[in-house]
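The exercises below are meant to be worked with the sequence and the model open side by side. Each task is followed by a solution that proceeds in steps.

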Amino acid sequence: MSAPAANLRINADRLWESLMDMAKIGPGIAGGNNRQTLTDEDGEGRHLFRKWCEDAGLTMGVDTMGNMFMTRPGTDPDALPVYVGSHLDTQPTGGKYDGVLGVLAGLELVRTLNDLDIKTKHPIVVVNWTNEEGTRFAPAMLASGVFAGIHTQDWAYDKVDAKGKRFGDELVRIGWKGDEEVGARKMHALFELHIEQGPILEAEGKDIGVVTHGQGLRWIQCTVTGKESHTGSTPMPMRKNAGRGLAQITELVHEIAMANAPNAVGAIGHIDVYPNSRNIIPGQVVFTIDFRSHELDTLNGMVDRLMAEAPKLCDALGVSFEAEIVGQFDPPEFDHGCVKAIRDAAERLGYSHMDIISGAGHDACWINRVAPTAMVMCPCVDGLSHNEAEEITREWAGAGCDVLMHAVVETAGVVE
């Protein structure tokens, strides 16, 4: 495929205006967004996105997981589409750009092609994946996982939120259960633009991150069980304090991650202490360890060390240790051809760039299992994300979308 002309650029002001308009739906309490998946706010955001897409001449398809596919036709009816997009759902205290930038950048590149009457051989499909965040219905990247055959649809439908509401029921309630079979669509390629959610690009002064790999992940849910007893009247040598097990395993997790740095990270983020009373020694602690690495052997080695050493720490304290892996995916390596298209686009457009590894999971990581896939990243201020204070600049958004458009258009094939 021939490369697009170097002067081909998106309308950065129009992209920014769309981002700000979408941010009005499901506003947070501190300047960000609370547009959790399958809420009324999610439904409202979907309707606005649909209107914008239809105004741009796109036609909509929706599958039975609620994934939205907005299609711009190509000149070859037999050519597989090039997909581009991300997600519109947010964290409860999310920012205005995480996921949303990737969806609206897909719309903006289509608007730009329309403005310039540029036709492509392959159709271009802008996609909004359902429940990428996983904050209301775990796990994350749920609908793209069903699309890629990682999860079954029935399993996904039975996921419940904190109030016991089922994913399948809520999808119907907001009116976004489509009739397409999940995963039936075939892709020529998929591209996803996302904010970095980390500090590297800003610290290095780079406009563009060319994502070569994603990090693999292991979520290990651990239960340390001791014995509840009175904090004032139980002699110190007779205590079976589950909290001490948590404390020592927290340090172990840090040691394991540091031993594998800079190619790995690890932490404990979610903790439940029982009975969680001021004057009762904890009888049980349930917590989740998050290990990540882009090297599979490293990731598995971290888990193996935890499983070998944590029980010994707990035995020495007179408490028990149990663990199970409750979330996992292996490190994805993105398609070399798609990655090259992104790198070449940044070069052609004169944007500074560097290869980077995605520290977070994204829908592209699952779709990489079934189609050639790659990601573009732009910086975010101080690397802050999953926070209402998440921020990017108009220039960063525009540069990321420019590179995205060039990679998509080159892959889709310009028709002269």
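Buried area is the accessible area, taken with a 1.4 Å probe, that two parts lose on being put together, summed over both. The model used throughout is a predicted one.

**Exercise 1. Describe the contact between domain 1 and domain 2, beginning with the bounds of the domains.**

Step 1. The domain assignment gives domain 1 as 12-214 + 331-415, while domain 2 covers 216-329. The C-alpha centres of the two domains lie 34 Å apart, and the contact takes ten residues from domain 1 and eight residues from domain 2.

Step 2. Between domain 1 and domain 2 an area of about 730 Å² is buried, and carbon and sulfur atoms give 74% of that area. On the side of domain 1, Pro331, Ile357 and Trp366 supply 52% of the area buried against domain 2, more than any other three residues.

Step 3. Turning to polar features, the count of salt bridges between domain 1 and domain 2 is zero, and one residue pair is in polar contact. The residues of domain 1 that touch domain 2 divide into five nonpolar, four polar and one charged.

**Exercise 2. Classify the ring pair of phenylalanine 69 and phenylalanine 147, and state which parts of the chain the pair ties together.**

Step 1. The model holds eight aromatic pairs. In the pair of phenylalanine 69 and phenylalanine 147, the rings lie 6.2 Å apart, centre to centre, with 45 degrees between the planes.

Step 2. Planes under 30 degrees apart count as stacked and those over 60 as edge-to-face, so the rest are tilted; the pair of phenylalanine 69 and phenylalanine 147 is accordingly tilted.

Step 3. Because phenylalanine 69 lies in strand 2 (residues 68-72) and phenylalanine 147 in helix 4 (residues 142-147), the pair ties together parts that are 78 residues apart in sequence.

**Exercise 3. Place asparagine 368 in the chain and trace what its side chain reaches.**

Step 1. Asparagine 368 is in the loop between helix 11 (363-367) and strand 15 (373-378).

Step 2. Its side chain reaches the backbone oxygen of glutamate 333 at 3.2 Å. Leaving aside residues up to four places away in sequence, asparagine 368 touches Pro332, Glu333, Phe334, Asp335 and Thr373.

**Exercise 4. Find where the backbone departs from the usual pattern in which most peptide bonds are trans.**

Step 1. A cis peptide bond, with omega about 5 degrees, joins alanine 138 and proline 139, and proline 139 is placed in the loop between strand 5 (124-128) and helix 4.

Step 2. The peptide bond from tyrosine 274 to proline 275 is also cis, with omega near 0 degrees; proline 275 lies in the loop between strand 10 (264-274) and strand 11 (280-281).

Note on methods
Residues numbered from 1 in each chain as written. Predicted model: local features only at pLDDT ≥ 70, side-chain atom pairs only at ≥ 80, totals over all residues. Heavy atoms only, no water. Domains from an automatic or database assignment. Contact = heavy atoms within 4.5 Å. Salt bridge = Lys/Arg side-chain N within 4 Å of Asp/Glu carboxyl O. Polar contact = N/O pair within 3.5 Å; in protein donor to acceptor, adjacent residues only side chain to side chain. Nonpolar A, V, L, I, M, F, W, Y, C, P; charged D, E, K, R; others polar. Phe/Tyr/Trp six-rings, centres within 6.5 Å; stacked < 30°, edge-to-face > 60°. Helix = DSSP H or I, 4+ residues; strand = E, 2+ residues; numbered from the N terminus.
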